[in-house]
Amino acid sequence: MRAQFVLSEIGVGLRRNLTMTFAVVVSVALSLALFGGALLMREQVSTMKDYWYDKVNVSIFLCNKSDVTSTPKCAKGAVTGQQKKEIEADLKKMDAVDTVTYESADEAYKHYQEQFGDSPMAGNITPDMMPESFRVKLHDPKKYKVVATAFAGRDGVQSVQDQRSILDNLFGLMNGMNVAALFVMALMLIIALMLIVNTVRVSAFSRRRETGIMRLVGASGFYIQMPFIMEAAFAGLIGGVLACVMLLAGRYFLIDGGLALQNKLTLIDFIGWDAVLTKLPLVLAIGLLMPAVAALFALRKYLKV
């Protein structure tokens, strides 16, 4: 009978405050969807870092004849055969280096034509203008500075470039978007908590006569508070379920179907379904517990039992 009474009181409370309950559900759903999206974005950035940093090369560009007058570092002349042998030998001796690949000027010109052959500038580029280079793959891409320090000022070396710096800009942008999503999530969460407190307050006020009678007949404080807490928890649970649906739909339409980014952006290693599914229990738990705890603290102020 007690369980039936509590359930009936929950139904009454939800019907009386249907509009505010709907607002709570929507705000909780949006805030938890942003929270889950931020977690997935962080995992996506981490996955992309592991994928791309493993493929990053350090490029050591060598001086050619055209660099002698245009580049101060090449003022001593174009790289010689002996200098190339010494650079390659020193690279292979370094513990941080995994593999060393030499690219000639003709190979560099061929790759340039393959990538930028349609550009207006392509017709003005000749093979002798392309620099020779060593493409160095490191065991740990974070140790790029070891190679840069050892070869940046060396005779015959025009420059040392790390592709990791380009990727860092991309990942910095994605991390910025993640922070923005967390900020919006926090704002929505505050709004949801305010709505929950107001909903509990209105519900407690509308049922003050019933709670007064229950207090007179000796009902415990927890028994009186339980319907209000369950109302908030139920609304939060619905919001959590909607947030889970949004996350699943977002993963499906953005990556697998709809926009199908996985087919269009083949160079990106997207997170799988397992990453999404592991976040759903956390979203549901927060959706259930957050409104319940907020209602419990609100009742201490608005429901004197």
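Analyst: A nonpolar core is a set of buried Ala, Val, Leu, Ile, Met, Phe, Trp, Tyr and Cys residues joined through side-chain atoms within 4.5 Å. The model discussed here is a predicted one.

User: Which residues have the most contacts inside the largest nonpolar core?

Analyst: They are Val28, Leu40, Ile196, Val200, Leu247 and Val283, in a core of 28 residues. Two or more residues of this core come from each of helix H2 (18–53), helix H7 (164–206), H9, helix H11 (273–277) and H12. Another core, of 18 residues, lies apart from it and includes Ile87, Met94, Val97 and Phe134.

User: What does Ile196 touch, beyond residues up to four places away in sequence?

Analyst: Ile196 touches Val24, Ala232, Pro291, Ala294 and Ala295.

User: What makes Glu132 count as buried or exposed?

Analyst: The relative accessibility of Glu132 is 16%. Buried means under 20%, so Glu132 counts as buried. Glu132 lies in the loop between helix H5 (105–116) and E3. Leaving aside residues up to four places away in sequence, its contacts are Ile60, Phe61, Leu62, Val79, Lys84, Tyr102, Glu103, Ser104 and Ala105.

User: Why is strand E1 described as mostly covered?

Analyst: Strand E1 spans residues 57–62, and five of its six residues are buried.

User: How do you know that E1 and strand E3 pair?

Analyst: Pairing requires at least two bridges between the strands. E1 and E3 (residues 133–138) have five bridges, in the antiparallel sense, and Ile60 stands opposite Phe134 in E3. The requirement is therefore met. E1 also pairs with strand E4 (residues 157–162), again antiparallel and over five bridges. There, Phe61 has Ser159 of E4 as its bridge partner.

User: What makes the contact between Lys279 and Glu43 a salt bridge?

Analyst: The rule asks for a side-chain nitrogen of Lys or Arg within 4 Å of a carboxyl oxygen of Asp or Glu. For Lys279 and Glu43 the distance from N to O is 2.6 Å, so the pair qualifies. The count by this rule comes to six salt bridges. Lys279 lies in the loop between H11 and H12, and Glu43 in helix H2, so the pair ties together parts that are 236 residues apart in sequence.

User: How do Lys279 and Glu43 stand with respect to burial?

Analyst: Lys279, at 14% relative accessibility, counts as buried, because the limit for that class is under 20%. Glu43 has a relative accessible area of 28% and is partly exposed.

User: What supports a salt bridge between Asp155 and Lys76?

Analyst: The closest N and O atoms of Asp155 and Lys76 are 3.3 Å apart, and the cut-off is 4 Å. The pair therefore meets the rule. Asp155 is in the loop between helix H6 (144–151) and E4, and Lys76 is in the loop between helix H3 (67–70) and helix H4 (81–93), so the two are distant parts of the chain, 79 residues apart. Asp155 counts as partly exposed at 39% relative accessibility. Lys76 has a relative accessible area of 72% and is exposed, since exposed means over 50%.

User: What is the corresponding evidence for Asp90 and Arg154?

Analyst: Asp90 and Arg154 form a salt bridge, with their closest N and O atoms 2.4 Å apart. Asp90 lies in helix H4 and Arg154 in the loop between H6 and E4, 64 residues apart. Asp90 counts as partly exposed at 26% relative accessibility, and Arg154 is partly exposed at 23% relative accessible area.

User: Which residues form the nonpolar patch on the surface?

Analyst: The patch consists of Leu237, Val241, Val245, Leu284, Leu288, Leu289, Val293, Leu296 and Phe297, with about 720 Å² of accessible area together. Helix H9 (221–256) and helix H12 (280–302) each supply at least two of its residues. H12 gives the largest share, six residues.

User: How do you know whether Phe297 is buried or exposed?

Analyst: Phe297, in helix H12, has a relative accessibility of 52%. Exposed means over 50%, so Phe297 counts as exposed.

User: How much of the protein chain counts as buried?

Analyst: Of its 305 residues, 40% count as buried. The accessible surface of the chain comes to about 17400 Å², and 65% of that belongs to carbon and sulfur atoms. The chain has 12 helices and four strands.

How values were computed
Residues are numbered from 1 along each chain as its sequence is written. This is a predicted model: local features need pLDDT of at least 70, side-chain atom pairs count only at pLDDT 80 or more; totals for chains, interfaces and linings use all residues. Side-chain values use heavy atoms; hydrogens and water are left out. Buried means under 20% relative accessible area, exposed over 50%, partly exposed in between (1.4 Å probe, protein chains only). Contact means heavy atoms within 4.5 Å. Patches are made of residues with over 30% relative accessible area and no salt bridge: like charges are joined within 9 Å, nonpolar side chains (Val, Leu, Ile, Met, Phe, Trp, Tyr) within 5 Å. Accessible areas come from the Shrake-Rupley method with a 1.4 Å probe; for residues, only the protein chains shown count as cover.
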